[in-house]
Amino acid sequence: METSRDFVYQKFCEYYRDPTTVIPAPLSPSQREFAYLLFKERFMVRHKRFEGIRPLRSVLSETVPSDVYHSCAYYENPDFDMDKKGWLGADLVFDIDADHIPTNCDKIHDEFTCVKCGFSGKGLIPEVCPACEATKFETKTWPCELCIKSARDETAKLIDMLENDFGFSLDELHVFFSGHRGYHVHVEDEAVRSLDAMGRKEIVDYVTGLGLTILDKDAREKPKKKSGAKRFNLHNFGWNKRLKLGMQNFLVTATKEDLKNIGIKNNAVLKNKETIIKRCINEGRWESINDVSVQTWLKLAEHVRELQSANIDTVVTTDVHRLIRMNGTLHGKTGLKKVEFPAKNLQDFNPFIGAVAFKKGAAKVLVSDAPEFKMGGETLGPYKNQTVELPVAAAVMLICKGRAKVAN
Ligand SMILES: [Zn+2]
Ligand SMILES: [Zn+2]
């Protein structure tokens, strides 16, 4: 085990000591708090201040941490204690991580064990232990392509909202692969910098569709005044527009089973699919189908709200002191790097090529268990209790994931 950790440490050393390694400076570096996790001691060094990227790089090449972070916030004195830092503002950041997104495959490759009571299970890691309510887990996860794809789909929805509903241009959105199995979106615009936690919570609620009211105020307060489906109405902006598009997309392929799953047993929806899309959704004549009640529209809208909302880690966005992984640095769980790419390239960016830090050499490892995976354009695995020679990037990832050790 020691030799395997040493091997990874050695590779991290080479990365941080290589003068050709690109580590872009964040905006206003001297106003940021920097932090890093020591490789061997597993201790987080915090409240560090650097005047620029050069002195930071020299510390990174000396200490070679496993993970490097900086604050989303700007401070007068980033190296002071928390209450004396003098908060000046913060970037608006979003974290989309497969850890928080249910997928069909998480039961196959993810496991968790409660640190306190030992309760263990497969699949999505719970927020609290079902047995003892503790919140710390040992986890075994995998940066699976399908899970990364589902994180990418959530990121696409977020970017669409930030662009079309909030009015940011794509150039103002900094989009990153996180280095593990998710994405980060940073907005550094002056317009968001001074937002407090409440203001950020409002944005989170919008993005996740929380508290979305579909019936107008009049219809909610005086339910009897407007009859039937006349109470249901959607306009052409923001979420209302998203609901309409989503309803249309859902209905085009919806089966009887799909409708039943969302609580709609009425056959009228299925029978009048085309008419509903044309008359109700496109022309706004929601009352024109006799057998479809306002409750049915609401059920449909609620389901579509879930489909259209972006599954972000809400805590990250509302925390105005949050530390976020630094662009260009390595992720201790994979050896991949956090890397920025243009927002418009989201669908084309391949993390197993674009985020690969170790591009040379090979290493012999004993793999206990790994599914088929891709790295640097090669398809590798599956492996089960076998010794193989792998490209360094693949060997590092398997060791970091606890699935391999250096073979003698
Ligand atoms: Zn427990
Ligand atoms: Zn998966």
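A contact here means heavy atoms within 4.5 Å, and in this predicted model residues 24 or more positions apart account for 65% of the contacts in the protein with a separation of 6 or more.

**View 1. The whole protein, with its helices and strands.** The protein holds 15 helices and 18 strands, taken as DSSP runs numbered from the N terminus (helices are H or I and at least four residues, strands are E and at least two). Along the principal axes, its C-alpha atoms fill a box of roughly 75 × 55 × 45 Å. Of the 408 residues in the protein, 49% are buried, meaning under 20% relative accessible area, with exposed set at over 50% and partly exposed in between (1.4 Å probe, protein chains only). Residues are numbered from 1 along each chain as its sequence is written, while chains are lettered from A and ligands numbered from 1 in the order in which they are written. Local features need pLDDT of at least 70 and side-chain atom pairs 80 or more, whereas totals for chains, interfaces and linings use all residues, and side-chain values use heavy atoms, leaving out hydrogens and water.

**View 2. The zinc ion (ligand 2) and its four protein donors.** C105 through SG, H109 through NE2, and C144 and C147, each through SG, coordinate the zinc ion (ligand 2) at 2.1 to 2.3 Å; donors are N, O and S atoms within 2.8 Å of the metal (3.2 Å for Na, K and Ca), and without water a site may look incomplete. The angles among the four donor atoms of the zinc ion (ligand 2) run from 102 to 117°, and the site is tetrahedral, a term for four donors with all angles between 85 and 135 degrees. Along the sequence, the donor residues of this zinc ion (ligand 2) follow the spacing C-x3-H-x34-C-x2-C. Distant parts of the chain are linked by the pair C105 and C147, which are 42 residues apart: C105 sits in the loop between β6 (92-97) and α3 (106-109), and C147 belongs to helix α4 (residues 145-164). C105 and C147 are both buried.

**View 3. The zinc ion (ligand 1) and its four cysteines.** The SG atoms of C114, C117, C129 and C132 are the protein donors of the zinc ion (ligand 1), at distances of 2.3 to 2.4 Å. With 104 to 113° among the four donor atoms, the site of the zinc ion (ligand 1) is tetrahedral, and its donor residues are spaced C-x2-C-x11-C-x2-C in sequence. Because C117 lies in the loop between β7 (111-114) and β8 (120-122), and C129 in the loop between β8 and β9 (137-140), the pair ties together parts that are 12 residues apart in sequence. C117 is partly exposed, with a relative accessible area of 39%, whereas C129 is buried, with a relative accessible area of 1%.

**View 4. The three-stranded sheet of β7, β8 and β9.** This open sheet has the order β8-β7-β9 and antiparallel pairing, where strands count as paired if DSSP finds at least two bridges between them. Strands β8 and β9 are the edges, each pairing on one side only. Three bridges hold the antiparallel pair of β7 and β8, in which F112 stands opposite G121 of β8.

**View 5. The four-stranded sheet and helix α4.** Four strands form an open sheet with antiparallel pairing, in the order β6-β11-β10-β13. At its edges are β6 and β13 (339-341), each of which pairs on one side only. Strand β10 (residues 173-177) pairs with strand β11 (residues 182-187) in the antiparallel sense over five bridges, and the bridge partner of H174 is H186 in β11.

**View 6. Helix α8 and its packing partners.** The buried residues of α8 are W239, N240, R242, L243, K244, G246, M247, F250 and L251. These buried residues of α8 pack against α4, α6 (197-208), α9 (256-261), α10 (268-271), α11 (273-282) and α12 (294-308).

**View 7. Strand β14 between its two partners.** Strand β14 (residues 362-370) pairs with strand β17 (residues 383-391) in the antiparallel sense over eight bridges, and one bridge joins A362 to its partner P391 in β17. Strand β14 also runs antiparallel to strand β18 (residues 404-406), to which three bridges join it, with V367 standing opposite A404 of β18.

How values were computed. Tetrahedral: all angles 85-135°; square planar, octahedral: opposite > 155°, others 65-115°.
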